[in-house]
Amino acid sequence: RGQAVRAAADDHHVVRRLQRPGALKPSYDVVIIGGGSHGLATAYYLRQHGITNVAVLEKNYIGSGAAGRNTTILRSNYKTPEGARFYDASIKLYEGLSADMDFNVMFSQRGHLTLAHSDRAAFVMANRAEVNRLQGIDSRLIGRDEIQALAPSMNIREDATYPVQAALYHPPGGIIRHDAVVWGFARGADEGGAEIHPYTEVTGLDRTGDRITGVRTNRGTVNAGIVLN
């Protein structure tokens with residue numbers, strides 16, 4: 001039975017291994033420095049524009065930097081209109097990302113609370129809620145009763161060291177598995193033809209005039225049409 005289960009799992013594309021990268025090619029249309037969520041996402045979306053001669057260079061294992069050390073929180077209730085709009089577009093992208101990549105990134109939209117422990121903090125949260133509302137973002141100030149209903153285990157008693165006075169409630173906010181995001185983008189980029197080279201440290205850049213034309217690594221030098229860092 002165990003062999004049958006393993007065989008069935010091996011037939012399913014979710015457990016498909018990434019292609020083992022060989023030697024670096026002499027040149028690439030695009031060289032991406034950094035194999036975290038941003039670098040791998042760039043490679044993934046480039047393939048949708050027909051750009052597949054791409055190398056992602058990571059000095060450690062993929063996702064070993066900030067991508068593996070973030071808060072895992074996704075939200076769009078930021079303070080500035082520009083920031084709020086930017087992150088709201090990101091939330092909408094993440095809502096369809098599992099289906100887009102056919103890979104479960106485990107995005108759970110359970111809501112996000114930003115607590116206010118003073119009158120000043122509550123005023124700032126109310127101001128942010130208004131900025132969000134004007135951008136069409138679901139975000140509002142709530143009181144302690146509603147906080148307690150949403151998070152029953154939270155201590156909102158008056159005798160707490162720093163009593164909670166209010167909270168900015170953002171229902172679309174949630175959490176995601178950052179490692180799933182990294183591996184989902186990695187698999188999609190790999191399937192699209194990009195080469196992912198872990199343990200390939202960039203040691204220098206070659207310039208011709210005002211352009212970067214080559215990338216030096218601990219595994220050799222490659223020519224590049226465009227370099228993203």
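What covers the buried residues of α5? The cover includes α3 (81-95), β4 (112-116), β5 (140-142) and β6 (166-170), where contact means heavy atoms within 4.5 Å. The model is predicted, so local features need pLDDT of at least 70 and side-chain atom pairs count only at pLDDT 80 or more, while totals for chains, interfaces and linings use all residues. Residues are numbered from 1 along each chain as its sequence is written, and side-chain values use heavy atoms, with hydrogens and water left out.

Helices (H or I, at least four residues) and strands (E, at least two) are DSSP runs numbered from the N terminus. Helix α5 has 16 residues (119-134) and, at 1.5 Å a residue, should span 22 Å; its end C-alpha atoms lie 23 Å apart, which agrees. The expected span is 1.5 Å times one less than the number of residues. Ala122, Met125, Arg128, Ala129, Val131 and Asn132 of α5 are buried (under 20% relative accessible area, against over 50% for exposed and in between for partly exposed; 1.4 Å probe, protein chains only). Just after α5, Gly136 adopts a positive phi of about 75 degrees.

Turning to the aromatic rings, the structure holds 6 pairs (Phe, Tyr or Trp, the last by its six-membered ring, with centres within 6.5 Å; planes under 30 degrees apart are stacked, over 60 edge-to-face and the rest tilted). Tyr78 and Tyr87 are stacked because their ring centres are 4.3 Å apart and their planes meet at 20 degrees. Phe86 and Tyr87 pair edge-to-face, at 5.2 Å and 85 degrees. Tyr87 is partly exposed at 33% relative accessibility, whereas Phe86 is exposed at 57%.
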